[in-house]
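User: I'd like to go through this one by asking what earns each label. Can you set the values against the cut-offs as we go?

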Amino acid sequence: MVPEAEFDQTDAGRVPRGEGWFVLNAREAAWHDSDYGAYTRFEGEPRFPQIGINIGVLAPGQPACMYHGEDEQEDFLVLSGECLLLVEGQERRLRAWDFVHCPAWTEHVFVGAGDGPCAILAIGGRSGGDVIYPASELAQRHGAGVAEETTEPRVAYAGSSPETDVPFREGWLPGSR
């Protein structure tokens with residue numbers, strides 16, 4: 001029988017402790033904020049070993065990360081708002097309920113658009129770890145690209161501010177106004 005996980009309460013929200021199954025409302029989970037939007041991972045320690053899952057919230061014009069490709073499949077569902085998908089050198093406008101599938105090594109990034117927050121559910125495998133940040137003029141125009149190609153996250157994010165732990169804010173997710 002798999003035990004139910006326990007939770008720790010932090011200033012940023014609830015964090016599961018140890019292994020086991022659990023139910024956690026996104027509004028009650030621990031959140032983080034950074035140059036690349038606000039997000040929750042739903043996990044504590046240990047981290048989920050096989051699949052990463054998070055909800056990210058972007059302001060208009062805010063990139064979710066640096067333009068990259070990695071050795072794992074990733075899938076995304078726009079939950080609310082609008083964003084731009086920069087993918088393989090193309091730009092696509094997305095809105096709520098648009099689904100994006102990225103096989104391994106698909107170069108991509110999301111950038112908030114429209115006139116309010118955009119919430120995106122992201123799911124990806126965790127068996128690899130290799131990543132490339134290609135120099136992309138398109139991504140650079142949106143503040144989401146490196147000047148020179150690198151495979152080192154610390155180089156790609158060298159100018160970024162550290163993330164901060166924050167509690168959930170009303171308005172980030174649909175139905176939370």
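User: In what sense do β5 and β12 pair, and over how many bridges?

Analyst: Keep in mind that this is a predicted model. β5 and β12 run antiparallel to each other, with 8 bridges between them. Pairing takes at least two bridges, so 8 bridges earn the label.

User: What makes β7 and β12 a pair?

Analyst: Again the bridge count: β7 (residues 74-80) and β12 (residues 118-125) share 6 bridges in the antiparallel sense. The cut-off is at least two, so they pair. As for individual partners, L77 is bridged to L121 in β12, and S80 has A119 of β12 as its bridge partner. A119 is also the bridge partner of V57.

User: What is the strand order of the open sheet?

Analyst: There are 7 strands, in the order β10-β7-β12-β5-β4-β3-β14, and the pairing is antiparallel.

User: Why are β10 and β14 called edges?

Analyst: Because β10 (99-102) and β14 (164-166) each have a single partner strand, one side of each has no neighbour in the sheet. On average, neighbouring strands of this sheet are turned by 25 degrees against each other, direction ignored.

User: Now E43. Why does E43 count as buried?

Analyst: E43 has 11% relative accessibility, and buried means under 20%, so E43 counts as buried. E43 is found in the loop between β4 (37-40) and β5 (51-58).

User: How do you know that the side chain of E43 makes a polar contact with the side chain of R126?

Analyst: From the distance: 2.8 Å between the E43 and R126 side chains. The limit for a suitable N or O pair is 3.5 Å, so this counts as a polar contact. The side chain of R47 also makes a polar contact with that of E43, at 3.0 Å. Leaving aside neighbours within four places in sequence, E43 is in contact with V15, P16, F48 and R126.

User: And I51, why is I51 called partly exposed?

Analyst: I51 comes out at 47% relative accessibility. Buried is under 20% and exposed is over 50%, so 47% puts I51 in the partly exposed class. I51 lies in strand β5. Apart from neighbours within four places in sequence, I51 is in contact with I123, G124 and R126.

User: On to rings. How many aromatic pairs does a search of the whole structure find?

Analyst: The search turns up 8 aromatic pairs. One of them is W31 with F168, with ring centres 5.6 Å apart and planes at 55 degrees.

User: What makes the W31 and F168 pair tilted?

Analyst: Stacked needs planes under 30 degrees apart and edge-to-face needs over 60, so 55 degrees lands on tilted. The 5.6 Å between centres also satisfies the 6.5 Å limit for a pair. W31 is in strand β3 (residues 31-34) and F168 in the segment after β14, 137 residues apart. W31 and F168 are both buried.

User: Why is the pair of F76 and F110 called tilted?

Analyst: The planes of F76 and F110 are at 55 degrees, so this pair is tilted, with centres 4.7 Å apart. F76 sits in strand β7 and F110 in strand β11 (residues 108-113), so the pair ties together parts 34 residues apart in sequence. F76 and F110 are buried.

User: How do you know that R14 lies over the face of F7?

Analyst: R14 is 3.9 Å from the ring centre of F7. The distance limit is 6 Å, with an angle condition of 35 degrees from the ring normal. F7 is also linked with F22 and F48 into a cluster by ring pairs.

Note on methods: Residues are numbered from 1 along each chain as its sequence is written. This is a predicted model: local features need pLDDT of at least 70, side-chain atom pairs count only at pLDDT 80 or more; totals for chains, interfaces and linings use all residues. Side-chain values use heavy atoms; hydrogens and water are left out. Helices (H or I, at least four residues) and strands (E, at least two) are DSSP runs, numbered from the N terminus. Axes are lines fitted to C-alpha atoms, for helices over the stretch in contact, and angles run from 0 to 180 degrees between N-to-C directions. Buried means under 20% relative accessible area, exposed over 50%, partly exposed in between (1.4 Å probe, protein chains only). A polar contact is a pair of N or O atoms within 3.5 Å; within protein, one must be able to donate a hydrogen and the other to accept it, and residues adjacent in sequence count only if both atoms are side-chain atoms. Contact means heavy atoms within 4.5 Å. Rings of Phe, Tyr and Trp (its six-membered ring) pair if their centres lie within 6.5 Å; planes under 30 degrees apart count as stacked, over 60 as edge-to-face and the rest as tilted.
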